[in-house]
Amino acid sequence: MERTLSIVKPDGVSKSLIGEVIKRFEGNGLKVIGLKMIHLDKKEAEGFYAVHRGKAFFESLTTFMSSGPCVVMVLEGDAAISKTRELMGATDPQKAEEGTLRRQFASNIERNIVHGSDAVETAAFEIKYFFNALEIFSD
Ligand code: CMP
């Protein structure tokens, strides 16, 4: 069993894709064990994406991520990290496989509707960033 953190980003929320994203995850063996809607401020978005500080897209990304509410969730399942990433597709929707969430719904590499942790250590950091132990429900 593995855990990962996913976010329906502000563009995904405004395109009414919360249900669609959760349906893909749940329909593919992932269990939602934590869920909330939040509106990040700029500092909180910068803290979440701290590994990207200094990159050309950091300012624009964190402005976008703090531009509206998003839905954050903890997913649990076998190979949850790679499964989530497979369902999302590549970061750049033009490079994402047919049928993936980003290929179907994302506008561009920044506004790509959904985020998923990329490794075990990142998942641990990202889950802790949004959820405390009392907000996660696992058997
Ligand atoms: P995400 O999976 O949330 O991880 C980092 C985010 O930075 C990524 O999705 C994109 O939204 C954004 N991103 C990554 N690379 C670029 C890029 N080259 N230009 C703009 N945004 C990017």
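User: Hi! What counts as a helix or a strand here?
Analyst: Helices (H or I, at least four residues) and strands (E, at least two) are DSSP runs, numbered from the N terminus. By that count, the protein has 7 helices and 4 strands.

User: And what pattern do they follow along the sequence?
Analyst: The pattern reads β-α-α-β-α-α-β-α-α-β-α.

User: Anything I should know about the model itself?
Analyst: This is a predicted model, where local features need pLDDT of at least 70, side-chain atom pairs count only at pLDDT 80 or more, and totals for chains, interfaces and linings use all residues. Residues are numbered from 1 along each chain as its sequence is written, and side-chain values use heavy atoms, leaving out hydrogens and water.

User: Cool. How many aromatic pairs are there?
Analyst: The structure holds 5. Rings of Phe, Tyr and Trp (its six-membered ring) pair if their centres lie within 6.5 Å; planes under 30 degrees apart count as stacked, over 60 as edge-to-face and the rest as tilted.

User: What kind of pair do phenylalanine 48 and phenylalanine 130 make?
Analyst: A tilted one, because their planes are at 40°, with the ring centres 5.3 Å apart. The pair links distant parts of the chain, with phenylalanine 48 in helix 3 (residues 42–48) and phenylalanine 130 in helix 7 (residues 120–130), 82 residues apart.

User: Is phenylalanine 48 buried or exposed?
Analyst: Buried, at a relative accessible area of 4%. Buried means under 20% relative accessible area, exposed over 50%, and partly exposed in between (1.4 Å probe, protein chains only). Phenylalanine 130 is buried too, at 9%.

User: Which residues form the aromatic cluster?
Analyst: Phe48, Tyr49, Phe125, Tyr129 and Phe130.
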